[in-house]
Amino acid sequence: MAPERGGRLRPRAAAPPQARLRIAVPSKGRLREPAIELLHDAGLGPETPGDRALAFPCRNAPVEALLVRADDIPEYVQDGVVDCGITGLDIVRERGADVAELARLGFGACSLEAAVPAESPLQDLRGLAGARVATSFPRLTRELLPDVELVDVHGSVELAPRLGLADAIVDLVSSGSTLRTNGLRSIGILLDSEAVLIGPCEPRDDATQLAGVFRSVVDARGARYLMLNAPEDALAAICALVPGSRAPSVLPLAEPGMVAVHSVVPAHDVWRLLPALEAAGASSILLVPLERMLG
Ligand code: AMP
C-alpha cells in the first residue's frame, strides 16, 4: 500500500456530497492530452488549461480537474485529496495504492515487458531466475519475477545492459521501437496497461456516474454506426456479415423489394466489412461515428 502522505498535503475531511467532484488529471506526459480530450468528449466542457495551470473547471458539470503528476495520482486518490483520477494502470499497480479501478479508458496502451540484449541466450521469463534486472518498476518486478536480482534505475533503463549493470530490463513498451533501437529483444509480458479512472474503494456517487459516462465514450470510440440499402433477397447474406452485439434494424424502403439495414459495428472490422457488404449487394453504404454507447 502507498505510504500515507507526510503532512505536506494533508488529506481533507470527506467532502460534503454537494461539493464539486475533484478529478486528478496528469499534468504532463503522454496521458495529459488524451485525458483532457476524454473530459471533452464526455461533454463536461473542460476549460482549456494553460501550460502552467494547476487546475481547471468544467463548464457543463460540477467537476474540477486538478493537474497532478501521473505518478502521484494513486496516492492522492487513496488519501482523499481528490475524489478520482486518471492515470496509467501500471502506475496504480506500481504504487500499490488502495484504490478501485472505476473504468478502463482505452488510451495509453502499453505493456510492462522483460527484455534482454538481442544476442542474449535468454528466451523467456523463466530463464530470468537469478539474473540482474534493471527497472524503474521495482514493486511490480519483485511481485511478478520474485527470483531475479533487482537493479533499481530511474530513466534510460534500456542502457543498463550495455553499461554492464544488468542482464535484462523490465520496462514499458508500446510499439517496441525503443527496444529495437537499443538492441534489445522482448522475452515476455508482465502486465498489460492502459489509462484508467481510479477512485477510493467506496467512491462518491458522482464518481461512479462519471465512470459510466467515460465507459460510454470509450465504447463509442470503438464502434461505428453502419447504414446501407439492400435488395430483400440479399438480406440474409448481409446480416450474416454484420458483426456486433445487437441485431441489425431492418427498415422497409419506398422502393419495393428494397430494405435499409442499420447496425453498430466494431471500428476495427470496418476495413474488412465494407467491401464484403458491397460484394453481397449492399448500396448507399454510410458509416458514421458514435458519441456514446449506453445500455
Ligand atoms: P509519461 O508521463 O509520458 O512518462 O507517461 C507515463 C504513462 O504513459 C505510463 O505510466 C503508461 O501508463 C503510459 N504509456 C503508454 N505507452 C508508453 C510507453 N511506450 N512508454 C512509457 N509509458 C507509456
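## Helix α6 and what covers it

In this predicted model, helix α6 runs over residues 205–221, and its 17 residues should span 24 Å at 1.5 Å a residue. The C-alpha atoms at the two ends of α6 are 25 Å apart, which agrees with that expectation.

Which residues of α6 are buried? They are Ala-207, Leu-210, Ala-211, Phe-214, Ser-216, Val-217, Val-218 and Ala-220. An α-helix has 3.6 residues a turn, so residues three or four places apart point the same way. The cover over the buried residues of α6 comes from several parts of the chain, including the strands β1 (21–26), β4 (84–88), β5 (100–104), β11 (195–199) and β12 (223–231), together with helix α1 (32–41).

## Arg-221 in the same helix

Arg-221 also belongs to helix α6, but it is partly exposed, with a relative accessible area of 32%. Because buried means under 20% and exposed means over 50%, a residue between these limits is called partly exposed.

Leaving aside neighbours within four places in sequence, Arg-221 is in contact with Glu-37, Leu-38, Asp-41, Phe-107 and Ala-267. Arg-221 and Glu-291 are 70 residues apart in sequence, yet from C-alpha to C-alpha they are 7.2 Å apart in space.

## Leu-39 in helix α1

Is Leu-39 buried or exposed? This residue of helix α1 counts as buried, because its relative accessibility is 0%. When residues up to four places away in sequence are not counted, Leu-39 touches Ile-23, Val-25, Leu-44, Gly-45, Pro-46, Phe-56, Ala-65 and Phe-214. One of these, Phe-214, is among the buried residues of α6, and α1 is in turn one of the elements that cover the buried residues of that helix.

Val-25, another of the residues that Leu-39 touches, is 14 residues away along the chain, and the C-alpha atoms of the pair are separated by 9.8 Å.

## Two further residues and their contacts

Glu-64 has its place in strand β3, which covers residues 63–68. At 28% relative accessibility, Glu-64 counts as partly exposed. Its contacts, not counting residues up to four places away in sequence, are with Arg-20, Leu-21, Arg-22, Ile-23, Ala-55 and Phe-56; Ile-23 and Phe-56 are also among the residues touched by Leu-39. Between Glu-64 and Ala-19, which are 45 residues apart in sequence, the distance from C-alpha to C-alpha is 9.9 Å.

Ala-282, by contrast, lies in a loop, the one between α8 (270–279) and β15. Although it is a loop residue, Ala-282 counts as buried at 8% relative accessibility. It touches Leu-228, Asn-229, Ile-238 and Leu-277, again without residues up to four places away in sequence. Ala-282 and Met-227 are 55 residues apart in sequence and 9.6 Å apart in space, C-alpha to C-alpha.

## Two serines with positive phi

Most residues other than glycine have a negative phi, and most peptide bonds are trans. Against this background, two serines deserve a look. Ser-156 has a positive phi of about 45 degrees although it is not a glycine, and phi of Ser-284 is likewise a positive value, near 45 degrees.

Where do these residues lie? Ser-156 is found in the loop between β8 (149–152) and β9 (168–173), whereas Ser-284 lies in strand β15, residues 283–289. Ser-156 is exposed, with a relative accessible area of 52%, and Ser-284 is exposed as well, with a value of 53%.

## The protein as a whole

The protein holds eight helices and 15 strands, and of its 295 residues 45% count as buried. Its radius of gyration is 24 Å, while a compact globule of 295 residues would have one near 19 Å. The C-alpha atoms fill a box of roughly 75 × 60 × 35 Å, taken along the principal axes.

How much of the contact network joins residues 24 or more positions apart? Of the contacts with a separation of 6 or more, 71% are accounted for by such residues. On the outside, the protein exposes about 15300 Å², and carbon and sulfur atoms supply 53% of that area. There are 29 positive and 38 negative side chains, and the centres of the two sets lie 6 Å apart.

Definitions and conventions:
Residues numbered from 1 in each chain as written. Predicted model: local features only at pLDDT ≥ 70, side-chain atom pairs only at ≥ 80, totals over all residues. Heavy atoms only, no water. Helix = DSSP H or I, 4+ residues; strand = E, 2+ residues; numbered from the N terminus. Rg over C-alpha atoms; globule rule 2.2 N^0.38 Å. Buried < 20%, exposed > 50% of the residue type's maximum accessible area, 1.4 Å probe, protein only. Contact = heavy atoms within 4.5 Å. Areas by Shrake-Rupley, 256 points an atom, 1.4 Å probe, with all protein chains shown as cover. Lys, Arg positive; Asp, Glu negative; His and termini not counted. Charge placed at Lys NZ, Arg CZ, Asp CG, Glu CD. Expected span 1.5 Å × (residues − 1).
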